[in-house]
Amino acid sequence: MTDFSQSLAIIAAEEILTVVGLVLLLAAAWMGDKGSRLISIVAVAALVACAFVAAPVLCQGLMGPETVAFMGQYKGDAFSAFAKLLIYAAGGAALIVAPGFFGRAGVGGTSVMRAEYPVLILFAVLGMNMMVSATDFLTLYIGLELNSLAAYVLAAFLRTDERSAEAGLKYFVLGALASGIILFGMSLTYGFAGTTSFAGVRVALAGDLSTGALFGLIFVLAGLAFKISAVPFHMWTPDVYEGAPTPVTMFFATAPKVAALALTMRVAFVPFGAQVGAWQQIVIFVSLASIIVGALGAIGQANIKRLLAYSSINNIGFLLIGLAAATQEGAAAMLVYLAIYVAMSVAGFVVVLMLRDAAGNPVERIADMAGLSRTRPALAWALAAVMFSLAGIPPLFGFWGKFVVFQAAVNADLIALAALGIAASVIGAFYYLKVVKIAFFDEPANVVSAAGEGGADALGHKVLLLISCIAISPLGYLLTPWIGDLAGKAAAALFFAG
């Protein structure tokens, strides 16, 4: 009974999300769409409460047996807490910006904000919580599917928009394929290891790796590569990012990315940690391919959301350099990069949300941003800060994320990988600088207008943009000792063998 009570205490955040999600689901049925704002406020409060639960776990660097729940199915350690805090922040941002977008997304600028949106966000976050804390393939799959089912509905949330319906369908079909690939890999791994427990699989695969177990490893990692949109499983990303409602796109670019990458790290370092040689070369190839394809694919894009989709593929490539290092330092570097990436992505998509014409319609074509510095100077400077930070140009904070993963690769004797990554990052700088050039040096297109932005929701956009821009500015370097310390504690918990 004591063990069960301890398990319930460990999953306190998941209990909050479950209870609040179910209550809000009933409230949505009773109150209808007119209650969407109140439901969103309660959902944000639930995420804040969950953050207060996770923060002490991370700050204390908890690891070991006291963090294990339900007989090894689940682990609420410092590593999962780090990922959860980023997920809560991203989920909260997606809830804050939603009313301003959906309030004018219907025909003739009518509101299409539905009460189900915050509920879906909460259930998606619940699934991601399970993903980052999973220490068994069964828990992993339950969390993955819970997150995916909510995400499919969110992608197709604008029922009157053909692009949104198409995005939801593509995401569903390809997501189901990826889930099937992971499930097949898990079944192969179970067949050759005799257990679904991460710790048990690690022990069973400690010796020579059989061909069947190798195929299991490859299929699991291939399915996870789809979830993080790494090359060659990236084909869904630009279409889904473009077609999904922009608040949903922002959510997809941040929270599920954090969850899937954290899950990939745990799977690589725990069940398959004894077989680094089997997956390291695969990760190196996927990393370089993602950097190059993401950079080259973005060059010809005319839509800012598609450009940010290829940018996310590019950034996944840099993150995987830390995974390829296969060291605790590499894991800590990935977590630092992830924290900075979430701030950059939130800032970028808030800028996109604030790009509206005089009638209040969203502006997504890059050409329509010409001369933005003369019509909306503050927005243009925020856009420039995001682009320079994503490109990793100092002194903006995005540079630090790339620096720490390259440093980890060099210290792991992957000097050639670091050198190729640095060289390939130059390609990425081109399309980021192109956006800045259009916004600052081209003749004004006079499409983006301040008249299209209004209402109380605009204040939420501005506050969120201000906070995220301060985080990615040179002032962000003041946080490096703190973030580095927390990332180090999280990485130590991941590599803890006790």
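## Helix α17 and its surroundings

In this predicted model, the buried residues of α17 are G398, G401, K402, V404, V405, F406, A408 and A409. These buried positions pack against four helices, namely α13, α14 (328-354), α16 and α18. The length of α17 can be checked against its residue count: at 1.5 Å a residue, its 14 residues should span 20 Å, and because the end C-alpha atoms lie 21 Å apart, the expectation and the model agree. Just after α17, the backbone at D413 takes a positive phi of about 65°.

On the other side of α17 in sequence, the loop between α16 (377-391) and α17 (398-411) contains P395. The peptide bond that leads from P394 to P395 is cis, with omega near 10°.

## Packing of α4 with α5

Two packed helices are described by the angle between their axes and the distance between the axes. For helix α4 (residues 78-102) and helix α5 (residues 116-133), the angle is about 165° and the axes are 10 Å apart. Because angles over 145 degrees count as roughly antiparallel, α4 is placed in that class relative to α5. The crossing of α4 and α5 is right-handed.

On the α4 side, the residues that meet α5 are F79, S80, A83, K84, I87, Y88, G91, A94, L95, A98 and F102. Their counterparts in α5 are Y117, P118, I121, V125, M128, N129, V132 and S133. Sorted by class, the residues of this contact comprise 14 nonpolar, four polar and one charged.

## Packing of α6 with α7

Helix α6 (residues 137-155) and helix α7 (residues 162-193) have axes that come within 9 Å and cross at roughly 170°, which means that α6 is roughly antiparallel to α7. From α6, the contact is made by F137, L140, Y141, L144, E145, A151, Y152 and A155. From α7, the residues taking part are S164, A167, G168, Y171, F172, G175, A176, S179, I182, L183, M186 and T189. The contact of α6 with α7 has 14 nonpolar, five polar and one charged residues.

## Buried polar positions within helices

Which residues does N314 touch, leaving aside those up to four places away in sequence? N314 lies in helix α13 (residues 304-325), and at 2% relative accessibility it counts as buried, because the cut-off for that class is under 20%. With sequence neighbours up to four places away excluded, N314 touches S290, I291, G294, A295, Y431 and Y432.

T254 belongs to helix α11 (residues 246-269), and with a relative accessible area of 0% it is likewise classed as buried. When residues up to four places away in sequence are not counted, T254 touches A90, V342, S345 and V346.

## An exposed position in α18

V426 is placed in helix α18. Is V426 buried or exposed? At 58% relative accessibility, V426 counts as exposed. V426 and G392 are separated by 34 residues in sequence, while their C-alpha atoms are 9.5 Å apart in space.

## Backbone features in the loops

A second cis peptide bond to proline joins V231 and P232, with omega of about 5°. P232 lies in the loop between α9 (211-227) and α10 (237-243).

Positive phi values also occur in residues other than glycine, including F70 and N446. For F70, phi is about 50°, and the residue sits in the loop between β1 (68-69) and β2 (74-75). The relative accessibility of F70 is 30%, so that F70 counts as partly exposed. For N446, phi is near 55°, and its place is in the loop between α18 (415-441) and α19 (457-472). At 59% relative accessibility, N446 counts as exposed.

Key. Residues numbered from 1 in each chain as written. Predicted model: local features only at pLDDT ≥ 70, side-chain atom pairs only at ≥ 80, totals over all residues. Heavy atoms only, no water. Axes fitted to C-alpha atoms, helices over the stretch in contact; angles between N-to-C directions. Helix = DSSP H or I, 4+ residues; strand = E, 2+ residues; numbered from the N terminus. Parallel < 35°, antiparallel > 145°, perpendicular 65-115°, else oblique. Left-handed = near helix turned anticlockwise from the far one by under 90°. Contact = heavy atoms within 4.5 Å. Nonpolar A, V, L, I, M, F, W, Y, C, P; charged D, E, K, R; others polar. Buried < 20%, exposed > 50% of the residue type's maximum accessible area, 1.4 Å probe, protein only. Expected span 1.5 Å × (residues − 1).
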